[in-house]
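Please open the model in your viewer and keep the selection tool at hand. The tour below goes from one stop to the next, saying what to select and what is found there.

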Amino acid sequence: MKTKCSKYTSEEISRFVDNELFEDQYKTLAQHIEQCPHCSELSNQYKTLSTVFNNHVHEKENLKIDKALLEQKFDRVMQNHEKIPWGNIFGFSKKYILVKLTSIAMISLISLFILQKALFTPTGPSAIVKYVDTDYSSVMIIETQKEQHTIIWFNET
Amino acid sequence: MDKTRTAENNINEQDLVERLQKGQQWAFNILVSRYQDRLLRIAYGITLDQEDSIEVVQDVFVIVFKKIHTFRQDASLATWLRKITVNQCLNWKRKWKRRFKWSHDSLESNSGKNLLNDKNLYGANMKNHDPEILYQEKQLENNLKKAVKKLPEKLRVVFVLNSFEGLSYEQIAATLDIKKGTVSSRLYWARKNLMESLGI
């Protein structure tokens, strides 16, 4: 939007008031404002808006926190927080909680899988040497893993 | 009392944050006395209600009390507090907007142009005791307050941060998580709307 002066827009004057123009732009506009009554008036009006509003708020003498009430609020928070702060145990903040829990679950599952294989796999035969299966009976010759003993397994049907 | 005052003046921000994070009660007292005026002004500028702004700032301190351990000092403590205050004000306003509508305030007849252009007002004679001028200043203040009340929330917040805190566009942008260009245009529109409301 142009001011009554066609050289500068109101937005440029607004940025000038806030000292948010580049240095050379600022200097040029400052020189212009000294000579242009329209831009000078607008710039003063913008400044006055902030000054008046600021002044209005500074006059609010009753604008004070009730410290006793605030302390009561703090106490209430403390009472609620006296429960164990799970959120902070082991520096475990609540941020990204889902990712953290998923990672822990994955690590636990993988560990369990590996452990199960190592601990609970039966030390069964390394190989079945011979296997015979008839209508009346079955015979299996097996060799054990470590000791390499031969087992003959017979089953009559 | 004097000891507390001295401690209050001497303690630097980092030290204060560390003590707050350790949950030391007196550090919270220092925090409140050091920042309450600034935060109350911001809250009042946005809510335009004295009681609401006090409630909001109390809540801000309670939030800080609860969340201080999450403050990582990437920005200054003042910036963090300002951000929480603005968010609380906006949430507060949203909460109440659902229950009440803003009452309509008409501007008094001698509202804007003459008062805003009067060089005796807020110009060189800031400490003017002429009753006529004091009355006009008061009138302008009241009209401006009503005009600010009519500003859309987004424009008002930017205007308040610029007017009270004197923040640069970059600082306002960081506080509100918006672009610097957006700050510039919102501030311009805020001023334009205020001038229109004041009949200029």
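Begin by selecting A:Cys36, which counts as buried because its relative accessibility is 8%, where buried means under 20% relative accessible area, exposed over 50% and partly exposed in between, with a 1.4 Å probe and protein chains only. This is a predicted model, in which local features need pLDDT of at least 70 and side-chain atom pairs count only at pLDDT 80 or more, while totals for chains, interfaces and linings use all residues. Residues are numbered from 1 along each chain as its sequence is written, chains are lettered from A and ligands numbered from 1 in the order in which they are written, and side-chain values use heavy atoms, with hydrogens and water left out.

Next, add A:Cys39 to the selection; this residue is buried too, with a relative accessible area of 0%. How many disulfides does the structure hold over all chains? There are 0 over all chains, a disulfide being a pair of cysteine sulfur atoms within 2.5 Å. For A:Cys36, the nearest cysteine sulfur is that of A:Cys39, 3.7 Å away, and A:Cys36 is in no disulfide. A:Cys39 is likewise in no disulfide.

Now colour chain A by secondary structure, and 5 helices and 3 strands appear, helices (H or I, at least four residues) and strands (E, at least two) being DSSP runs numbered from the N terminus. Along the sequence they follow the pattern α-α-α-α-α-β-β-β. Of the 157 residues in chain A, 25% are buried.

Then show chain B beside chain A, and select the residues in contact (heavy atoms within 4.5 Å): 53 come from chain B and 40 from chain A. The area buried between the two chains, meaning the accessible area (1.4 Å probe) that two parts lose on being put together, summed over both, is about 4400 Å², and carbon and sulfur atoms give 62% of it. Select B:Gln58, B:Tyr188 and B:Arg191, which supply 15% of the area that chain B buries against chain A, more than any other three residues.

Stay with B:Arg191 and add A:Asp18, since these side chains meet in a salt bridge at 2.9 Å, N to O. A salt bridge is a side-chain nitrogen of Lys or Arg within 4 Å of a carboxyl oxygen of Asp or Glu, and the count between chain B and chain A is 3. As a last selection, take the elements that give two or more residues to the side of chain B that touches chain A, among them helix H4 (50–67) and helix H10 (180–197) of chain B.
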